[in-house]
Amino acid sequence: MLRAAGVDAVIRVSEEVLEAQREGRGVVALETTLVAHGFPPGDGIEVGLASEAAVRESRSVPATIGVLDGEIVVGLTAAELARFDVSARKLGPRDLAVCVVQKALGATTVGGTLAVCNATGIRFMATGGLGGVHRGWPTPPDVSADLRVIARTQALVVSSGIKSLLDVPATIELLETLSVPVIGWQTDVLPLFYSAHGGPGVSARVESAEEAARVAQAHWHLHGGGLLIGRPPDESLDDVEPLIQQALADAAEQGVHGQGVTPFVLAYLHRESDGRTLHANRELIVGNARLAGEIAAVSTVE
Ligand code: PSU
Ligand code: MN
């Protein structure tokens, strides 16, 4: 068990999640940054709830994570989740402790969520797209904290690859340096978030949930950390790149930087694509949650 001493004072794990862990059932962590900052108000909550339902359909138990009223909550209720709006702080791993102490509302990123998984022994997570190296590095020198945390956390993350507004090839190289397997779900190329095509090659591919679970178990037996499973979106949107370039140019012009870039770009795309990226993003997140639930359900890791 990876539970750290003294951690209970700041983390509240729901009864349902605790019971699932005791019974050795699959538990899938879900983040709240995409709920609060990845979709327009209201839509994010719906995506969060649909993701939870997809995990349950796969016979696993969802554990949506966020910071509320001075506690890190693992397994938010629907009423608690409904509080996550754009006013929530975006919490990377560096931001968790301050948010708890200051009793602020805080939505966890992939990195923030994985830090909580590490503290509570949760081995599976789903999201839309992993953070990574921003385009143009080293100007700005912006590399998501998602990468460091996935490297050091024994968890399997299902996503549709790395968010395509980033420098995906550079991120893949960094993940190799950090010893994180980047595994294609029934594919040889890493999905490019909205698009199933045109991504860089993966380090390996798996064909089934059982195979993914066995790979993760072997990796952890070897004291490896996180693994990324890239699941292509069911409906591929292949014409978003010109809009991404416009969105990034707009962000730069308006001085948007740091944690603000990803939410700005996603909102720009949702608006300028007439909701096509919003629909695609929702579908891919829910599909990733379903697959993470399937892998967690067949995994025998305690
Ligand atoms: N996937 C989505 N939408 C999102 C994110 C992932 O479909 O909004 C979030 C995750 O919380 C991820 C974060 O950790 O984007 C990355 O933010 P940054 O680039 O600032 O590290
Ligand atoms: Mn960043």
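Which residues of strand β8 lie on one side and which on the other, and are they buried or exposed? This is a predicted model, and I will begin with that strand.

β8 covers residues 156–159. L156 and V158 are on one side, V157 and S159 are on the other, and all of them are buried. In general, side chains in a regular strand alternate between the two faces of the sheet. Here both faces of β8 are covered.

Now the neighbours of β8. Strand β7, residues 124–126, runs parallel to β8 and is joined to it by three bridges. A126 in β7 has V158 as its bridge partner in β8. Between these strands there is also a helix to mention: β7, helix α7 (residues 145–152) and β8 form a right-handed β-α-β unit. Strand β11, residues 227–230, pairs with β8 as well, again in the parallel sense, over four bridges. There, V158 stands opposite I229. V158 therefore appears twice, as the partner of A126 and opposite I229 in β11, and by the cut-off of under 20% relative accessible area V158 is buried.

Next, the empty space. The structure has one cavity of 30 Å³ or more, and the largest cavity has a volume of about 50 Å³. Its lining consists of L30, E31, L34, V35, G48, S51, A126 and I285. A126 is the residue we met as the bridge partner of V158. Helices α2 and α3 (43–57) each give at least two residues to this lining. By class, the lining of the cavity has five nonpolar, two polar and one charged residues.

The largest pocket has a volume of about 880 Å³. It is lined by 42 residues, and those closest to its centre are K90, H134, G258, Q259 and T262. Two or more lining residues come from each of α2 (33–37), α7, α10 (241–253), α11 (261–272) and α12 (276–298). The largest share, four residues, is from α11. The lining of this pocket divides into 17 nonpolar, 17 polar and eight charged residues. Helix α7, then, contributes to the pocket lining and also belongs to the β-α-β unit with β7 and β8.

Last, the aromatic rings. The count of aromatic pairs is three. In one pair, the ring centres of F193 and Y194 are 4.6 Å apart and the planes are at 45°, so this pair is tilted. F193 has a relative accessibility of 2% and so counts as buried. Y194 is also buried, with a relative accessible area of 2%.

Methods:
Residues numbered from 1 in each chain as written. Chains lettered and ligands numbered in written order. Predicted model: local features only at pLDDT ≥ 70, side-chain atom pairs only at ≥ 80, totals over all residues. Heavy atoms only, no water. Buried < 20%, exposed > 50% of the residue type's maximum accessible area, 1.4 Å probe, protein only. Pairing = 2+ DSSP bridges. Right-handed = clockwise from strand over helix to strand, strands pointing away. 1 Å grid on protein atoms, 1.4 Å probe; cavity = no way out; pocket = protein on both sides within 12 Å on 5 of 7 lines; lining within 4 Å. Points joined across faces, edges and corners; volume = space filled by probe spheres on them. Nonpolar A, V, L, I, M, F, W, Y, C, P; charged D, E, K, R; others polar. Phe/Tyr/Trp six-rings, centres within 6.5 Å; stacked < 30°, edge-to-face > 60°.
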